[in-house]
Amino acid sequence: MHEEIKKACKIISDTKKLTVLTGAGISAESGIPTFRGPGGLWQKYNVAELATPEAFKKDPKLVWEFYNWRRELISKAKCNPAHKALAKLEEKIPKFCLITQNIDGLHRKAGNRNIIELHGNIWWVRCTRCSFLKEDRRVPLPFPPLCPNCQNLLRPHVVWFGEPLDLDILNLAIREAETAETFLIIGTSATVQPAASLIWLAKEKGAFLIEINPEPSEATPIVDIYLKGKAGEILPKLI
Ligand code: BJW
Ligand code: ZN
């Protein structure tokens with residue numbers, strides 16, 4: 001393992017273009033539950049029944065309760081050593097891009113700047129009817145949150161199952177995956193599309209893949225170096 005970390009370290013320090021893809025696992029050590037696996041949100045809540053447009057249509061109050069609970073959790077969460085290590089990495093590597101599936105905003109809080117948020121951000125709300133979009137950090141958000149322009153219901157600015165990702169954002173991420181020399185995958189089960197497909201895309205275009213995860217993911221069979229362990233323990237060693 002020590003040898004593998006050294007090898008990964010050399011590759012990262014020599015790379016001219018690093019693209020990173022993060023998932024819920026990078027925020028686990030900040031006390032934010034992941035989705036799948038032990039301790040994951042899926043065990044307590046049927047996320048498939050909460051993180052969908054159908055669920056919101058049927059019971060917006062319940063869905064807002066779920067997001068208010070997570071807003072409270074995230075508002076108290078601190079960046080962990082993994083977030084901080086990625087912020088340092090952005091300072092050191094000339095071409096650096098961080099693609100995240102997370103909606104918690106912790107990468108920005110840690111100091112990263114070139115971030116692509118594939119699934120939105122929990123601190124933003126948007127109107128279900130018009131184009132109103134705004135940051136709103138109130139915890140909890142009083143129900144029902146209404147649009148100041150048209151009085152229709154506001155929703156979290158996140159991507160639910162069955163919803164398309166913002167095309168401009170997705171295209172940006174595709175370009176960053178395709179042009180990466182090294183592609184670092186951290187704390188994702190690599191099961192949710194189209195985010196996971198970025199890994200295969202990077203591989204196809206010749207990137208060197210490095211993964212950090214305490215458990216093997218769907219991507220593990222195709223990575224060049226698999227560093228088994230927690231992001232908060234391994235990433236600081238890498239830099
Ligand atoms: C640690 C750790 C530590 C633990 N250190 N690691 C093709 C094939 C099959 C299905 C589909 C397909 N294309 C689309 C679909 C459907 C669907 C999908 O992918 N389903 C799969 C589940 C099969 N995709 C969609 O619906 C997407 N939309 C779409 O494709 O639209 C098409 C369309 C076009 C035109 C019109 C209409 C539609 C949208 C997907 C949106 C995902 N949304 C969520 C919720 C976001 C909001 C919220 O948070 O509330 O995003 S679901 C959830 O999963 C969340 C996450 O970002 C995402 C990924 O999860 P992630 O990050 O990988 O977390 P986990 O929990 O799975 O894994 C954690 C990992 O961390 C584990 O590996 C641990 O071991 C590890 N770990 N501790 C490091 N300390
Ligand atoms: Zn509106």
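In the predicted model, a backbone N or O atom of Phe35 is placed 2.8 Å from an oxygen atom of ligand 1. Two side chains also approach oxygen atoms of this ligand: an N or O atom in the side chain of Arg70 is found at 2.6 Å, and a polar side-chain atom of Ser189 at 2.5 Å. Taken on its own, ligand 1 has 1,500 Å² of accessible area, of which the protein covers 73%. The surroundings of ligand 1 comprise 33 residues, those that come nearest being Arg36, Tyr67, Arg70, Thr188 and Ser189. Among the secondary-structure elements that contribute to this shell are helix 2 (25-28) and helix 5 (60-76), each of which supplies at least two residues.

A metal site is formed by the zinc ion (ligand 2), whose protein donors are the SG atoms of Cys127, Cys130, Cys147 and Cys150, at distances of 2.3 to 2.4 Å from the ion. The angles among the four donor atoms run from 97 to 120°, and the site is accordingly assigned as tetrahedral. For four tetrahedral donors, the ideal angle at a metal is 109.5 degrees. Along the sequence, the donor residues follow the spacing C-x2-C-x16-C-x2-C. Because Cys130 belongs to the loop between strand 4 (120-127) and strand 5 (133-135), while Cys150 belongs to the loop between strand 5 and strand 6 (154-158), this pair ties together parts that are 20 residues apart in sequence. The accessibility of the donor residues was also examined: Cys127 is buried, with a relative accessibility of 5%, whereas Cys130 is partly exposed at 29% and Cys150 is likewise partly exposed at 28%.

The structure contains zero disulfides. Cys79 takes part in none, and the cysteine sulfur nearest to that of Cys79 belongs to Cys97, at a distance of 18 Å; since a disulfide requires two cysteine sulfur atoms within 2.5 Å, this separation does not meet the criterion. The relative accessible area of Cys79 is 14%, so that this residue counts as buried.

Turning to backbone geometry, the peptide bond that leads from Phe143 to Pro144 is cis, its omega being near -5°, and Pro144 is located in the loop between strand 5 and strand 6. Gln151, which is also placed in the loop between strand 5 and strand 6, has a positive phi of about 65° although this residue is not a glycine. The zinc donor Cys150 is part of this loop as well.

A cis peptide bond is likewise present from Gln193 to Pro194, with omega near 0°. Pro194 lies in the loop that runs between strand 7 (182-186) and helix 9 (197-204), and Ala190 has its place in the loop between strand 7 and helix 9 too. The phi of Ala190 is near 55°, a positive value in a residue that is not glycine. With a relative accessible area of 5%, Ala190 is classed as buried.

Key: Residues numbered from 1 in each chain as written. Chains lettered and ligands numbered in written order. Predicted model: local features only at pLDDT ≥ 70, side-chain atom pairs only at ≥ 80, totals over all residues. Heavy atoms only, no water. Buried < 20%, exposed > 50% of the residue type's maximum accessible area, 1.4 Å probe, protein only. Donors = N, O, S within 2.8 Å, 3.2 Å for Na, K, Ca; no water. Tetrahedral: all angles 85-135°; square planar, octahedral: opposite > 155°, others 65-115°. Helix = DSSP H or I, 4+ residues; strand = E, 2+ residues; numbered from the N terminus. Near = heavy atom within 4 Å. Polar contact = N/O pair within 3.5 Å; in protein donor to acceptor, adjacent residues only side chain to side chain. Areas by Shrake-Rupley, 256 points an atom, 1.4 Å probe, with all protein chains shown as cover.
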